[in-house]
Amino acid sequence: MDGSVVLTVLDLVGIFVFGITGALVGVRKQLDVFGIQVLALVTGLGGGFLRDVLIGATPLAALQDWWYLAVPVAAGLITFFLHPKIGRVERLVNIFDAAGLALFCVIGARKALDYGLSPLSAALLGTISGIGGGVIRDILSGRVPVVLRSEIYATPAFLGAGIVVLAAALEYHALWVPIAAAIVRFVIRLLAIRRGWNAPLPRHP
């Protein structure tokens, strides 16, 4: 399969799972079907919008291909009708969020490299691409964005993007590299959730 096709599929999968996280947050906040769809859309597409605007990839990918709009809408509708019991929502939000962030950070870094950004800039943009939709989701739903809490969240995203960037710098472009990077980021995030790993907090007298 062509590499660009694989990356597009991974991008759409990331949009889908992020759309589910947004919709699940909407369910937890007891929003109506419209509110749930809004959160699914902004969560699924927000990071990609930021990525494309920052690298000058216009018109935006989500505005050129109807799949990019249909996928988060489908995620919102599926979640609206088949959402789990309230007691399991938070756990699923974390799992889907980790999966979406894992995919977005590596796809964002890869696309930034394709547009000629430096390795460090590409890694940073991959991180922004991953966390952007979640930040918008949390702000709209009245939550403190996860990235601003003490949880280990953005660091694994930067690591995943860094793996892609390092492989590209070594001129190694095998298709399994972004997939492996996404898996590494996903596993680290899940371990952080399970074991309660947190970033250092300032000491107070």
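**Salt bridges, buried and exposed**

Biologist: Arg-143 and Asp-138: are they buried or exposed?
Modeller: This is a predicted model, so to speak for local features we need pLDDT of at least 70, and 80 or more for side-chain atom pairs, while totals for chains, interfaces and linings use all residues. Residues are numbered from 1 along each chain as its sequence is written, and side-chain values use heavy atoms, without hydrogens or water. Buried means under 20% relative accessible area, exposed over 50%, and partly exposed in between (1.4 Å probe, protein chains only). On that scale, Arg-143 and Asp-138 are both buried.

Biologist: How far apart are the closest N and O atoms of Arg-143 and Asp-138?
Modeller: These two side chains form a salt bridge, which takes a side-chain nitrogen of Lys or Arg within 4 Å of a carboxyl oxygen of Asp or Glu. For Arg-143 and Asp-138, the closest N and O atoms sit at 2.9 Å.

Biologist: Which residue forms a salt bridge with Asp-138 at 3.0 Å?
Modeller: Asp-138 has 0% relative accessibility, so it counts as buried. The residue facing it in this pair is buried too, again with a relative accessible area of 0%. The closest N and O atoms are 3.0 Å apart, and the residue is Arg-137.

Biologist: Moving on to Arg-110, what is its salt-bridge partner?
Modeller: Look in helix 5, where the two residues of this pair are four apart, so about one helical turn separates them. A helix here is a DSSP run (H or I, at least four residues), numbered from the N terminus. The closest N and O atoms are 3.1 Å apart, and the partner of Arg-110 is Asp-114.

Biologist: Which residue of that pair is exposed?
Modeller: Arg-110 has a relative accessibility of 17%, so it counts as buried. At a relative accessible area of 52%, the exposed residue is Asp-114.

Biologist: Which lysine is linked with Arg-51 and Asp-52?
Modeller: Here the contacts make up a network of salt bridges. Arg-51 and Asp-52 belong to it, and the lysine linked with them is Lys-111.

Biologist: How many salt bridges does a search of the whole structure find?
Modeller: We've met several by now, among them Arg-137 with Asp-138 and Arg-110 with Asp-114. Searching the whole structure, the number of salt bridges found is five.

Biologist: Away from the salt bridges, what is the relative accessible area of Val-73?
Modeller: You'll find Val-73 in helix 4. This valine is partly exposed, because its relative accessible area is 32%.
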